[in-house]
Amino acid sequence: MTPNDGLKNALRAEYGKPQHGAAPAASQMPALGAFLNAALVSSGRTRAELATQLDMEFVLVDGILDGLLPDSELDDATLVELASALDLEANLLRSVMGRRLHQEARK
């Protein structure tokens, strides 16, 4: 078991905890992770190469791709960076996350 496996297990345990006083909102991270994994496979790159390209810690990229990061921890700027790195439209990722779409400037 690697330290990354321990972190993933901790994230899974935290994600599985019931929330007090509110119905748990459905997380969109698993759907985003699956979508990003498909785009990554299509690009022919590895997770490590994507992490390097984004200048992010591997464990963070791994958590996003595995759908473990809480929705609230993934800001719009990171969505835009992910989209750019994988040659996707940022609004496509916003849509997967159920977020407000932005009107992008056309080139």
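**Entry 1. The end of H6**

I began at the end of H6, where the helix is followed by Gly 98, whose phi is positive, near 75°. I note at the outset that the model is predicted.

I then asked how many of the residues of H6 are buried. I found 6 of its 8 residues buried, so I recorded the helix as mostly covered. The buried positions are Ala 90, Asn 91, Leu 93, Arg 94, Val 96 and Met 97. I looked up what lies over them, and the cover includes H2 and H5.

**Entry 2. Leu 92 and Leu 93**

I compared two neighbours in this helix. Leu 92 has its place in H6, which runs over residues 90-97, and Leu 93 is found in H6 as well.

Is Leu 93 buried or exposed? I read a relative accessible area of 0% for Leu 93, which makes this residue buried. For Leu 92 I read 38%, and I therefore entered Leu 92 as partly exposed, since that class lies between the limits of 20% and 50%.

I also checked each against Val 80. From Leu 93 to Val 80 the C-alpha separation is 8.1 Å, with their positions 13 residues apart along the chain. From Leu 92 to Val 80 the C-alpha atoms are 9.9 Å apart, at a sequence separation of 12 residues.

I next listed the contacts of Leu 93, leaving aside neighbours within four places in sequence. Leu 93 is in contact with Leu 32, Phe 35, Leu 36, Leu 79, Leu 82, Ala 83 and Leu 88.

**Entry 3. H2 against H6**

I turned to the packing of H2 with H6. The two helices pack at an angle of about 145°, and their axes are 8 Å apart. On the H2 side I recorded Met 29, Ala 31, Leu 32, Phe 35 and Leu 36; on the H6 side, Leu 92, Leu 93, Val 96 and Met 97. By class, these contact residues divide into 9 nonpolar, no polar and no charged. Leu 92, which I had entered as partly exposed, is thus among the residues of this contact.

**Entry 4. The nonpolar core**

I looked up the largest nonpolar core and found 23 residues in it. Those with the most contacts inside this core are Leu 32, Leu 36, Leu 50 and Leu 74. Which helix gives the most to this core? I found that H2 does, with 5 residues. H2 (29-43), H3, H4, H5 and H6 each supply at least two residues.

I followed Leu 32 further. Not counting residues up to four places away in sequence, Leu 32 touches Leu 74, Leu 79, Leu 93, Val 96 and Met 97. As general background, I noted that nonpolar side chains tend to be buried together in soluble globular proteins.

**Entry 5. H3 against H4**

I then examined H3 (residues 47-54) and H4 (residues 58-65), which pack at an angle of about 115° with their axes 9 Å apart. The crossing of H3 past H4 is right-handed. H3 contributes Arg 47, Ala 48, Leu 50, Ala 51 and Leu 54 to the contact, and H4 contributes Phe 58, Val 61, Asp 62 and Leu 65. I counted by class 7 nonpolar, no polar and 2 charged residues.

Within H4, I found Val 61, Asp 62, Gly 63, Ile 64 and Leu 65 buried. Asp 62 is therefore a buried residue that also takes part in the contact with H3. Just after H4, Gly 67 takes a positive phi of about 75°.

**Entry 6. Two aspartates with positive phi**

I looked for positive phi outside glycine, as most residues other than glycine have a negative phi. Asp 55 has a phi of about 55° and lies in the loop between H3 and H4. I read 72% relative accessibility there, so Asp 55 counts as exposed.

Asp 87 also has a positive phi of about 55°, and I located this residue in the loop between H5 (76-85) and H6. Its relative accessible area is 71%, and I therefore entered Asp 87 as exposed.

**Entry 7. The chain as a whole**

Last, I took the totals. The chain has 6 helices and 0 strands. Of its 107 residues, 31% count as buried. The accessible surface comes to about 7000 Å², and 54% of this belongs to carbon and sulfur atoms. Among contacts between residues at least 6 apart in sequence, 56% join residues at least 24 apart.

Conventions: Residues numbered from 1 in each chain as written. Predicted model: local features only at pLDDT ≥ 70, side-chain atom pairs only at ≥ 80, totals over all residues. Heavy atoms only, no water. Helix = DSSP H or I, 4+ residues; strand = E, 2+ residues; numbered from the N terminus. Buried < 20%, exposed > 50% of the residue type's maximum accessible area, 1.4 Å probe, protein only. Axes fitted to C-alpha atoms, helices over the stretch in contact; angles between N-to-C directions. Left-handed = near helix turned anticlockwise from the far one by under 90°. Contact = heavy atoms within 4.5 Å. Nonpolar A, V, L, I, M, F, W, Y, C, P; charged D, E, K, R; others polar. Core = buried A, V, L, I, M, F, W, Y, C linked by side-chain atoms within 4.5 Å. Areas by Shrake-Rupley, 256 points an atom, 1.4 Å probe, with all protein chains shown as cover.
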